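This report walks through selected features of the structure shown below, beginning with a small sheet and then turning to its helices, cores and a pocket.

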Amino acid sequence: MALWQWQHGAQSEKAASFISPVGFDSLPGWETDRHAEALIAFRKSVNQPRVLAELARLKEAALECRPSQAKSFFENFFTPFAADPPERGLLTGYFEPELEADYRPTDHCSHPIYGRPSDLVLAKPGDAISERDPPLTAGRLADGEFLPYFTRAEIDDGALRDRNLEIAYAADAIDLFVMHVQGGGVLKLPQGQRRVTFAGKNGHPYTSIAKTLIARGELDANAATLDRLLAWMRADTARARVLMQENQSYIFFDMLPEGETAPRGSLGAPLTAGRSLAVDPGYHTLGLPIWVNAPDLEFEGAPFARLMIAQDTGSAIRGAARGDIFCGTGAQAGLVAGRIKHGCQFFALAPKPD
């Protein structure tokens, strides 16, 4: 919430990042964006109970706004802020994978998808595990002692077995790992499709296995796309298992209600492909519009310069100008998301005072 904290006088080093008000004519490509698409995504934000009060008060105006008036809506109710000093950021992409699964274990579907364990406890400042290097964000109580939670390798080896935590079983371990990285997915079950969403993590830090392979010289940094990474993993599933366990972070999931037509981000709002953005909540309030300019990224046939809505977060998204574009659902969206790694510039839009 740093931008909003700064406007209300809170003391924060991070808040000092977006302190320079600029005109909309300073936003590259502003005049030609399809603002109505951003308005649709913004409406989903202001409908959420946890959205900032200063955004919630714009709900009626947003709902009454006609698509042809979307550009004027944002200009009338928001002020763009630039980072000071200017910061060259990084834009990546994420997606909602689809994977074959079953509610019960079968010979074909045998990899458990776990719900959040009851003994998973978030760490607080001052807890021993939060003071580790690197710090852990969650752990478990055992005999009165606060211990690190089980790692990915320990869970793969059965640490959570026989606790009735399985919400479904995946057919493919690599597909399941991808769903862990993305934070949710669509399960293609015999009874139909069900969406699952992030419900918690084991508290261990996230390790990028792509960066691990690049550091070892087994993957070209200039061609480290998701499809190339998956090809490396599927060429030898035994070595892939060892590599995946180097990322000790492990994600737990909840089933979304039947009939959900889109995944939900950290704010609780349904995500919109090409308009929802995962951000660092230390710098940006969820729900705010953010103008993102990434001229070297061709997206949907044009250089990327568009209004996004901050609706999600991610453990790898850290920094004032660090963002993750939600690219949609399925394998094709995964190809698009896996090839995005481009420099960018952020302008945060703050609501004008009453």
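In strand 8, Glu-145 is the bridge partner of Ala-142, and strand 7 (residues 138-142) pairs with strand 8 in the antiparallel sense over four bridges. These details, like everything that follows, are read from a predicted model. The two strands belong to an open sheet of three strands in the order 6-7-8, with antiparallel pairing. Its edge strands are strand 6 (121-122) and strand 8 (145-148), each of which pairs on one side only.

The loops around this sheet hold some backbone features that a reader may wish to inspect. In the loop between strand 6 and strand 7 lies Pro-134, which is joined to Asp-133 by a cis peptide bond with omega of about 0°. The loop between strand 7 and strand 8 contains Asp-143, a residue that has a positive phi although it is not a glycine. Asp-162, in the loop between helix 6 and strand 9 (166-170), likewise has a positive phi without being a glycine. The table sets these two aspartates side by side.

| Residue | Phi | Relative accessible area |
|---|---|---|
| Asp-143 | about 55° | 87% |
| Asp-162 | about 65° | 75% |

With over 50% as the cut-off for exposed, Asp-143 counts as exposed because its relative accessible area is 87%, and Asp-162 is exposed as well, at 75%.

A further positive phi, near 55°, is taken by Glu-300 in the hairpin of strand 14 and strand 15, where two residues lie between the strands. Strand 14 (289-299) and strand 15 (302-312) run antiparallel and are joined by eight bridges, and within this pairing Glu-298 stands opposite Pro-303 in strand 15. Strand 14 also pairs with strand 17 (residues 341-351), again in the antiparallel sense, over four bridges, and here Trp-291 stands opposite Phe-347 in strand 17. Is strand 14 largely enclosed by the rest of the structure or left open? Eight of its eleven residues are buried, so strand 14 is largely enclosed by the rest of the structure.

The largest nonpolar core has 31 residues, of which Leu-91, Leu-277, Val-292, Leu-297, Phe-304, Ile-325 and Phe-346 touch the most other members. Two or more residues of this core come from each of strand 2, strand 3, strand 14, strand 15, strand 16 (322-329), helix 11 and strand 17, and strand 14 gives the most, with five residues. Leu-277, when its neighbours within four places in sequence are left aside, is in contact with residues including Leu-91, Ile-290, Val-292, Ile-325 and Phe-346. A second core, separate from this one, has 25 residues, among them Trp-30, Val-51, Phe-74 and Leu-307. As a general matter, nonpolar side chains in soluble globular proteins tend to be buried together.

Phe-74 leads on to helix 5 (residues 70-77), in which Ala-70, Phe-73 and Phe-74 are buried. These buried residues cover an arc of only 90° around the axis, which puts them on the same side of helix 5. They pack against helix 2 (35-46), helix 4 (59-64), strand 2 (78-83), strand 14 and strand 15.

Helix 9 (residues 226-234) can be read in a similar way, with Leu-226, Leu-229, Trp-232 and Met-233 buried. Viewed down the axis of helix 9, its buried residues fall within an arc of 125°, so they line one face of the helix. Their cover includes strand 3 (89-96), helix 7 (173-182), helix 8 (209-215), helix 10 (237-245) and helix 11 (331-338).

Helix 7 and helix 10 also take part in the second largest pocket, as each supplies at least two residues of its lining, and so do strand 5 (111-114) and helix 6 (152-156). This second largest pocket has a volume of about 400 Å³ and is lined by 19 residues, of which His-111, Pro-112, Asp-156, Ala-173 and Arg-241 lie nearest its centre. Which element gives the largest share of the lining of the second largest pocket? That share, five residues, comes from helix 7.

Terms used
Residues numbered from 1 in each chain as written. Predicted model: local features only at pLDDT ≥ 70, side-chain atom pairs only at ≥ 80, totals over all residues. Heavy atoms only, no water. Buried < 20%, exposed > 50% of the residue type's maximum accessible area, 1.4 Å probe, protein only. Arc of directions from axis to C-beta. Contact = heavy atoms within 4.5 Å. Pairing = 2+ DSSP bridges. Core = buried A, V, L, I, M, F, W, Y, C linked by side-chain atoms within 4.5 Å. 1 Å grid on protein atoms, 1.4 Å probe; cavity = no way out; pocket = protein on both sides within 12 Å on 5 of 7 lines; lining within 4 Å. Points joined across faces, edges and corners; volume = space filled by probe spheres on them.
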